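Q: Before the terms used for this model are applied, could the reasoning behind each label be set out, with the value placed against its definition?

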Amino acid sequence: VVGRDGRIKAVGQADVIRHQFSGATFERIIDCSGKCVLPGLVDAHTHPVWAGDRVHEFAMKLAGASYMEIHQAGGGIHFTVEHTRKATEEELLSTFRHRLERMQRAGSTLVECKSGYGLSLETELKMLRVIQRAQGSLDIGISSTYCGAHSVPKGKTAAEATDDIVNHHLPKLRELQQSGEIHVDNIDVFCEKGVFDLESTRRILQAGKDAGLQINFHGDELHPMRSAELGAELGARAISHLEEVSDEGITAMARAKCAAVLLPTTAYMLRLKQPRARKMLEEGVIVALGSDFNPNAYCLSMPMVMHLACVNMKMSMNEALAAATINAAYALGKSDTHGSIEAGKQGDLLVINSARWEHLIYQFGGHDSLIDYVIVKGKVIYQNERCGTM
C-alpha cells in the first residue's frame, strides 16, 4: 500500500492488508496475482549526458585496440568532449531524457548521473543543468554527480587541471548550490595512471567534500592506484570499478563501510579482468552494481548487468538483486528511503510477469516482456503494452 505522499504505508499478506485497509479508498489497485513485486532497481553509476556517437570505436576494440590506445588516438573521452561542448543544452536534454526513459522501461527507478564530458567549467555546468532539468520534469529518481576530473583537458597538465577544478570549478559550484540554482550530490574523479594520480585525486575529492559533496569516484580500474585505500581514508561513500584493487584496499573499504560499485559491463566490453566480487563479499564490503552507461559501454539495462554479475563475477542471484537495489541505494546515500520494500520508504516498485523473481536475471535481455509495471512514488510511470498477455 502506497499513500498519496509516495511512501509505502504497509507491506504484508494480502488478506491482512485487505482487512487493515477495508475502509480506505484507492486511486488504483493493481492485481499482482501470480506475479512478483520487487523494489525498483537502482543504477549506481552512469554517464548519460553526452553528444557524439562512438560506435566506430567498437570495431577498433574488437580488432584488439585497448582503451588507452583509443584514447591516445583522439578517441574515447576526448571525442565525446568535443561533441558535447558543441551540443546545445536542448540537444543534450533531448537525448538524455530518451536514455532515462529506456532505463526506466528496464526497471531503473533511481539513477546516478555524472557530468564529465565537458572538462571546462562552462560545459560541466551545462551538463549539470541538463541533469537538473530532467530531474524536475521526469519521475525517475536522479543522484547528480560532478565529474569534472574525468580526463585531463587538451592543452593542460594534470596539475593544471587539478588547480582549475579546486580553485575555479568547485567554488563556482558551491556558489550555485547555495543560491539554489543547481543541486549536486556527489564528487567524482577518474583516479588512473596517465589521468589523475593519487595526490591530485586526494586534493579534488577533499575540496569536493569540503564543499558538501559525497565522495563517489572511479578507482583502481586499469592499474592498481591504491584508490580504495585513499577512499577509505577520506570517508568516501563509494568507489567504482576496482578491477585492480589490492587486498589491503578491500579490507580498508570493508572497515570504512565504503561501497564498491562494480561495473560488469566495463570489464566485459574492454575484456578486462573481472572485479573480485567474491573476495569483496567475503571480506564484508557493501557491493553495489551500476551499468556504467556511456559511449564506451552502451547498456541501459540493470537486469542485464545483474546477469553479467552472476555469470562473470560469480555473484549469486540474491547478491546481485541486493547489489542493484538496497546496496546501490546505499552507494548513493539513499538507502534510508530507497532500495527495499518497507513501510516508510519511497514507493518505487517493479511488477514482473512471473511467479519467480529470478526470471528478471535468468532471462538475459528478456526484461522487455517480463516487466509489467514500473512504479515511482506509487505512480505508474511505465506500463508494458503487452501487460497480462504472457
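A: Two strands count as paired if DSSP finds at least two bridges between them, and this criterion comes before any talk of a hairpin; the model discussed here is a predicted one.

Q: What makes β11 and β12 a pair of strands?
A: The cut-off is at least two bridges, and β11 and β12 are joined in the antiparallel sense over four bridges, so the definition of pairing is met. One of the facing positions is I375, which stands opposite V380 in β12. The hairpin of β11 and β12 has two residues between the strands, and K377 in this hairpin takes a positive phi near 50°.

Q: How do you know that β10 and β11 pair?
A: Four bridges join β10 to β11, and the two strands run antiparallel; since the definition asks for at least two bridges, they count as paired. I375 of β11 is the bridge partner of L349, and I375 also stands opposite V380 in β12.

Q: Why is strand β11 called mostly covered?
A: Buried means under 20% relative accessible area, and six of the six residues in β11, which spans residues 371-376, are classed as buried.

Q: Why is H367 called buried?
A: The relative accessible area of H367 is 11%, and because the limit for buried is under 20%, H367 falls in that class. H367 lies in helix α17, residues 367-370, and, leaving aside residues up to four places away in sequence, H367 touches R105, A106, S301, P303 and M304.

Q: D292 and K314 each have a positive phi in a residue other than glycine; what makes one of them buried and the other exposed?
A: D292 has a phi near 55° and sits in the loop between β9 (287-289) and α13 (302-312); the relative accessible area of D292 is 3%, which is under 20%, so D292 counts as buried. K314 has a phi near 60° and is found in the loop between α13 and α14 (317-323); at 58% relative accessibility K314 is over the 50% limit and therefore counts as exposed.

Q: What makes a space a cavity rather than a pocket, and how many cavities are counted?
A: A cavity is a set of points where a 1.4 Å probe fits but cannot get out, whereas a pocket is an open set; the count comes to three cavities of 30 Å³ or more. The largest cavity holds about 140 Å³ of space, and of the 14 residues that line it, the closest to its centre are Y67, H150, D292, N294 and N296. The lining of the largest cavity has four nonpolar, seven polar and three charged residues. The second largest cavity holds about 50 Å³, and the residues that line it include P39, G40, H338 and D348.

Q: Which residues and elements line the largest pocket?
A: The largest pocket has a volume of about 1,500 Å³ and is lined by 33 residues, of which V1, V2, R28, I29 and I30 lie nearest its centre. The elements that give two or more residues to this lining are α1 (14-20), β10 (349-352) and β12 (379-383), and the largest share, three residues, comes from α1. By class, the lining of the largest pocket has 18 nonpolar, six polar and nine charged residues.

Notes. Residues are numbered from 1 along each chain as its sequence is written. This is a predicted model: local features need pLDDT of at least 70, side-chain atom pairs count only at pLDDT 80 or more; totals for chains, interfaces and linings use all residues. Side-chain values use heavy atoms; hydrogens and water are left out. Buried means under 20% relative accessible area, exposed over 50%, partly exposed in between (1.4 Å probe, protein chains only). Contact means heavy atoms within 4.5 Å. On a 1 Å grid over the protein atoms alone, a cavity is a set of points where a 1.4 Å probe fits but cannot get out, and a pocket is an open set with protein on both sides within 12 Å along at least five of seven lines; lining residues have an atom within 4 Å of a point. Grid points are joined across faces, edges and corners, and a volume is the space filled by probe spheres set on the points. Ala, Val, Leu, Ile, Met, Phe, Trp, Tyr, Cys and Pro count as nonpolar, Asp, Glu, Lys and Arg as charged, and the others, Gly among them, as polar.
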